[in-house]
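Biologist: Before I plan any bench work, I would like to go through this structure with you, beginning with the fold and ending with a single residue. Could you show it to me?

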Amino acid sequence: QVQLVESGGGLVQPGGSVTLSCAASGSLLRINVMGWYRQAPGKQRELVATITSGGITNYVDFVKGRFTISRDNAKNTMILQMNSLKPEDTAVYYCNARTFMPTSKREYNYWGQGTQVTVSA
C-alpha cells in the first residue's frame with residue numbers, strides 16, 4: 001500500500017509561482033513512475049508531468065519551460081515547481097504513483113486527494 005498526500009496549493013496571480021509537494025509513505029520500493037495530473041472544472045483529468053524511479057522526466061507540451069518535476073528520495077517526496085502560471089493552469093492537482101509487483105505480476109495505481117491551485121488576478 002502507498003499513501004500520497006499533496007500540499008502547497010493556493011491562490012496565485014498570473015505570472016506567479018507555486019511549488020507543490022507529494023509526500024509518499026508505505027511500500028515505496030516498487031514504485032516505477034510518479035506523476036502529477038490535474039483536473040480543471042468541467043474537464044477530464046489530464047497528465048501534467050511524470051518522473052521515473054531513475055529520474056527520467058516527461059512533460060506535456062503546454063507546461064514545458066514553465067513546470068519542473070523532481071524527486072527528493074531522502075524525504076520520499078515528489079515536487080512540482082510551477083512558474084509563469086496562467087489562468088488556464090487553475091485546477092486540482094493530483095499526485096500519482098504506479099507500482100509493479102513481479103511476484104503477482106500486478107500493477108497498482110495510487111492517488112492523493114488533490115490540492116487546489118487557483119491562478120487569478
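Biologist: In what order do the elements of the chain run from the N terminus on?

Modeller: Please keep in mind that this is a predicted model. The chain has zero helices and eleven strands, and read from the N terminus on, the order of its elements is therefore β-β-β-β-β-β-β-β-β-β-β.

Biologist: Which radius of gyration does the chain have, and how does that compare with the globule rule?

Modeller: Along the principal axes, the C-alpha atoms fill a box of roughly 50 × 30 × 25 Å. For 121 residues the globule rule gives 14 Å, and the chain comes close to this, so it is as compact as a globular protein of that length, with a radius of gyration of 14 Å.

Biologist: What share of the 121 residues in the chain is buried?

Modeller: A residue is called buried when its relative accessible area is under 20%. Among the 121 residues of the chain, the share that meets this cut-off is 37%.

Biologist: Is R38 buried or exposed?

Modeller: R38 lies in strand 4, which spans residues 31-39. Its relative accessible area is 5%, and since buried means under 20%, R38 counts as buried.

Biologist: With which side chain does the side chain of R38 make a polar contact?

Modeller: Leaving aside neighbours within four places in sequence, R38 is in contact with several residues, including E46, E88, D89 and Y93. At 2.9 Å, the side chain of R38 makes a polar contact with the side chain of D89.

Technical notes:
Residues are numbered from 1 along each chain as its sequence is written. This is a predicted model: local features need pLDDT of at least 70, side-chain atom pairs count only at pLDDT 80 or more; totals for chains, interfaces and linings use all residues. Side-chain values use heavy atoms; hydrogens and water are left out. Helices (H or I, at least four residues) and strands (E, at least two) are DSSP runs, numbered from the N terminus. The radius of gyration is taken over C-alpha atoms; the globule rule is 2.2 Å times the number of residues to the power 0.38. Buried means under 20% relative accessible area, exposed over 50%, partly exposed in between (1.4 Å probe, protein chains only). A polar contact is a pair of N or O atoms within 3.5 Å; within protein, one must be able to donate a hydrogen and the other to accept it, and residues adjacent in sequence count only if both atoms are side-chain atoms. Contact means heavy atoms within 4.5 Å.
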